Amino acid sequence: MNITVLDDYFDTLRTLPCFAKLDGHEVTVWNDHVDEPDALVQRLSQADAVVLIRERTALRAPVLERLPRLPRLRLISQRSVYPHIDVEACTRLGIVLSSDQHAGTPSYAAAELTWALLLCAARRIPQQMASLQRGGWQTGVGSTLRGKTLGIYGYGRIGQAVAGYAEAFGMKVRVWARPESMARARADGRECAPDRESFFGDCDAISLHMRLVPATRGIVRREDLARMKPDAILVNTSRAGLIEPGALVAALQAGRPGMGAVDVYETEPLVDPADPLLQLPNLVCTPHIGYVTREEYELQFSDVFDQIVAFARGQPSNVVNPEVLGRLKAGAG
């Protein structure tokens with residue numbers, strides 16, 4: 001098959017041991033990002049299968065409908081959730097979407113980055129480094145995390161891992177989430193906040209750990225952030241859309257919370273140095289690198305490439321839209 005890989009910024013996939021699973025296939029790897037429809041259609045016009053790196057490129061109906069089909073695009077292979085893919089259009093057009101949901105396995109890379117960002121914000125590490133680079137010395141005083149309370153908003157797999165890191169550092173953990181998630185947190189022996197207001201008002205740091213779906217878009221509101229302490233920290237390594245548009249910039253400018261750390265943005269890649277988020281002296285920003293480690297890539301793309309091999313053998317796996325399979329068999333017959 002002709003396989004096209006999008007958005008492999010540092011040409012990393014070819015260097016992974018699991019890339020050998022694609023031996024015998026023709027693989028084209030793109031190292032830059034395009035989202036203009038004409039350019040994207042051109043890149044995918046010869047592809048039988050497309051490999052996506054998480055949500056870096058959205059594949060919606062206006063693009064999918066312009067691609068050659070049967071014998072061309074037949075498979076989209078990726079890992080994890082797929083809000084960036086028009087599943088209905090894939091089904092209508094006869095394109096199989098395979099995506100392993102890795103049940104029970106958190107992204108430890110994302111959990112580790114969450115903790116790294118919290119430490120960076122608490123100790124003002126980027127500001128201290130910038131002072132040295134300017135020829136200065138210490139600038140400001142940081143905060144100790146031990147004895148403080150970390151709020152976990154959303155108690156999924158990554159949230160659970162981050163809660164464990166907090167406890168290892170001597171922090172108290174408090175959870176706010178859907179009722180079923182809070183029941184799971186209580187079963188794990190963790191404290192749950194009595195209400196939303198005290199969760200935002202009492203925690204010394206809050207980390208967001210929810211999927212972005214219609215029900216969670218903008219779930220963190222301006223009034224929530226305004227309740228946070230002036231020395232509190234907000235960390236978001238999940239999705240920018242969880243926070244009401246414009247609320248984070250306004251809150252950090254107002255000093256509640258006093259510090260923030262984010263790895264996710266409404267528009268990605270974020271390449272405008274004049275963006276308001278990048279102008280805030282009390283915000284630590286990283287370019288969506290939560291899952292960007294060699295170990296995490298090997299884990300994820302081993303699954304993604306297995307899905308391609310299975311499809312090529314006529315045994316598609318982890319199929320999100322199985323109703324397509326009958327039509328593919330009929331066409332082959």
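Two strands pair if DSSP finds at least two bridges between them. Helices (H or I, at least four residues) and strands (E, at least two) are DSSP runs, numbered from the N terminus. With those two terms in hand, let's work through some exercises.

The model is predicted, so local features need pLDDT of at least 70 and side-chain atom pairs count only at pLDDT 80 or more, while totals for chains, interfaces and linings use all residues. Residues are numbered from 1 along each chain as its sequence is written, and side-chain values use heavy atoms, with hydrogens and water left out.

**Exercise 1. Find how strands E6 and E7 are joined, and place them in their sheet.**

Step 1. Locate E6 at residues 149-153 and E7 at residues 172-176. The two strands run parallel and are joined by five bridges.

Step 2. Pick one bridge: Gly-151 has Arg-174 in E7 as its partner.

Step 3. Now zoom out. The open sheet has seven strands in the order E8-E7-E6-E9-E10-E11-E12, with parallel pairing. Its edges are E8 (191-192) and E12 (283-285), each of which pairs on one side only.

**Exercise 2. Describe the sheet of five strands and the surroundings of E5.**

Step 1. Read the order, which is E2-E1-E3-E4-E5 in an open sheet with parallel pairing. Strands E2 (26-29) and E5 (96-100) form the edges, each pairing on one side only. Neighbouring strands are turned by 20° against each other on average, direction ignored. For such angles, axes are lines fitted to C-alpha atoms (for helices over the stretch in contact), and angles run from 0 to 180 degrees between N-to-C directions.

Step 2. Look at E4 (residues 75-79), which five bridges join to E5 in parallel. Leu-75 stands opposite Val-96 in E5, and Gln-78 is opposite Ser-99 in E5.

Step 3. Check burial, where buried means under 20% relative accessible area, exposed over 50%, and partly exposed in between (1.4 Å probe, protein chains only). Five of the five residues of E5 are buried, so this strand is largely enclosed by the rest of the structure.

Step 4. Sort the side chains. In a regular strand they alternate between the two faces of the sheet. In E5, Val-96, Ser-98 and Asp-100 point one way, and Leu-97 and Ser-99 the other way.

**Exercise 3. Work out what helix H11 lies across, and what Gln-300 touches.**

Step 1. Follow H11 (residues 294-312) across E1 (2-5), E3 (49-51), E4 and E5; the helix runs at about 155° to E4.

Step 2. Find Gln-300 in H11. This residue is buried, with a relative accessible area of 1%.

Step 3. List its contacts (heavy atoms within 4.5 Å). Not counting residues up to four places away in sequence, Gln-300 touches Arg-54, Arg-79 and Tyr-291.

Step 4. Take a second look at Arg-54, in the loop between E3 and helix H2 (61-64). Arg-54 is buried too, with a relative accessible area of 16%.

**Exercise 4. Identify the residues that touch the most other members of the largest nonpolar core.**

Step 1. Recall that a nonpolar core is a set of buried Ala, Val, Leu, Ile, Met, Phe, Trp, Tyr and Cys residues joined through side-chain atoms within 4.5 Å.

Step 2. Among the 55 residues of the largest core, Leu-118, Leu-150, Tyr-153 and Ile-206 touch the most other members. Helix H4 (residues 108-123) gives the most to this core, with eight residues. A second, separate core of 23 residues includes Cys-18, Ala-49, Tyr-291 and Phe-301.

Step 3. Examine Ile-206. Leaving aside neighbours within four places in sequence, its contacts include Leu-150, Tyr-153, Phe-199, Met-228 and Val-235.

**Exercise 5. Find the residues with unusual backbone geometry.**

Step 1. Start from the background: most residues other than glycine have a negative phi, and most peptide bonds are trans.

Step 2. Spot the cis bonds. One joins Arg-256 and Pro-257, with omega about 0°; Pro-257 is in the loop between helix H10 (247-254) and E11 (259-262). Another runs from Glu-268 to Pro-269, with omega near -5°, and Pro-269 is in the loop between E11 and E12.

Step 3. Spot the positive phi values. Arg-54 has one of about 50° although it is not a glycine. His-288 has a phi near 50° and sits in the loop between E12 and H11.
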